[in-house]
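Let's take a friendly walk through a protein model and look at how some of its side chains sit and pair up. Keep the 3D view open as you read.

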Amino acid sequence: MIQFYAPDIEQTLQLPEDEARHCIKVLRTRPGSLVEVIDGKGNRFTCRLLDDNPRHASVVIEERCAVTPAWSTHITVAVAPTKNMDRMEWLTEKLTEIGVNRIIPVLCRHSERKEIKIERLQRIAISAMKQSLKAQLPEIYPMTPLRHIVTDIDADMRFIAYCDPSIPRKLLAKEYKPGCKSVIILIGPEGDFDPEEIKESLDSGYIPVTLGDNRLRTETAALVACDTFHIINQLKS
């Protein structure tokens, strides 16, 4: 099934230009055909194509249904962007595929990248959402200082994963309690969080965790953490 993304489909009754071009020019969809449209807010629409204008193809909505995500826990992954943006783009794609609600690029003391443009990440997330047949687009924050995440982002369970063995940690797979309404995991840069950043997070109630005995790259650690939440929830469902 091919899904088209139109965030304002109920108001405009049109496919955005890039989606309309793909529908009309590439797939050669003809007026009268049914197409599946998602709004990224959890809704899927069965629409009938009214014309073949590749700039703003008009549709009529035949059916609307709410798509319940395959996971019930609201998952936030806050991760320090890698110096190589290709790896951050890969992570965004994979997190969207396996299921995440919010991705927050973290600015911390040892960050390899201090600035980030999220437009490219948003486009990648849209593509991954469509290809994995989801209907909810993860929210992607701009670069956010760690202190703001620690103080302003709340969740039922809050974790910080780091490498420094001198500050005691517990295994994430044992600490995470399945079925909680919301969870956030902090993943630092390749140089790890600064000890003061770890202390600030722990003082704010974050649980110190490790992802296992293997030393992981930033993007791998973020993906492993997110998938750990999913696997434990699935085993306990």
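Here is a short tour of charged pairs, a buried acid, the cysteines and a surface patch. Bear in mind that this is a predicted model.

**Salt bridges**

Searching the whole structure turns up 12 salt bridges. Here are three of them, with the distance between the closest N and O atoms:

| Pair | N to O distance |
|---|---|
| Arg21 and Glu17 | 3.1 Å |
| Glu93 and Lys94 | 3.1 Å |
| Arg217 and Glu219 | 3.9 Å |

Take Arg21 and Glu17 to begin with. They sit 4 residues apart in helix α2, so about one helical turn separates them. Arg21 is partly exposed at 39% relative accessible area, and Glu17 is also partly exposed, at 37%.

The pair of Glu93 and Lys94 has a similar story to tell about exposure: Glu93 is partly exposed with 26%, and Lys94 counts as partly exposed with 22%.

Now for Arg217 and Glu219. Arg217 is partly exposed, at 45%, whereas Glu219 is buried, with a relative accessible area of 7%. These two also belong to a network of salt bridges that links them with Arg87 and Glu190.

**A buried acid without a salt bridge**

Where does Asp39 sit? You'll find it in the loop between β2 (34-38) and β3 (43-49). Asp39 is buried but has no salt bridge, and the nearest side chain of opposite charge, Lys41, is 5.2 Å away. A salt bridge needs the nitrogen and oxygen to be within 4 Å, so that distance doesn't qualify.

What does the side chain of Asp39 make a polar contact with? One partner is the side chain of Asn43, at 2.9 Å. The side chain of Asp39 also reaches the backbone nitrogen of Gly42, at 3.5 Å.

**Cysteines**

How many disulfides does a search of the whole structure find? The count is 0. Cys108 is in no disulfide, and its nearest cysteine sulfur, in Cys163, is 12 Å away. A disulfide needs two sulfurs within 2.5 Å, so this pair doesn't make one. Cys108 counts as buried, at 6% relative accessibility, while Cys163 is partly exposed, at 33%.

**A patch on the surface**

Finally, look for Ile2, Val26 and Leu27, which make a nonpolar surface patch of about 260 Å². Val26 belongs to helix α2, which covers residues 17-26. Val26 is exposed, with a relative accessible area of 55%.

Key. Residues numbered from 1 in each chain as written. Predicted model: local features only at pLDDT ≥ 70, side-chain atom pairs only at ≥ 80, totals over all residues. Heavy atoms only, no water. Patch = residues over 30% accessible without salt bridge, like charges linked within 9 Å, V, L, I, M, F, W, Y side chains within 5 Å. Areas by Shrake-Rupley, 256 points an atom, 1.4 Å probe, with all protein chains shown as cover. Helix = DSSP H or I, 4+ residues; strand = E, 2+ residues; numbered from the N terminus. Buried < 20%, exposed > 50% of the residue type's maximum accessible area, 1.4 Å probe, protein only. Lys, Arg positive; Asp, Glu negative; His and termini not counted. Polar contact = N/O pair within 3.5 Å; in protein donor to acceptor, adjacent residues only side chain to side chain.
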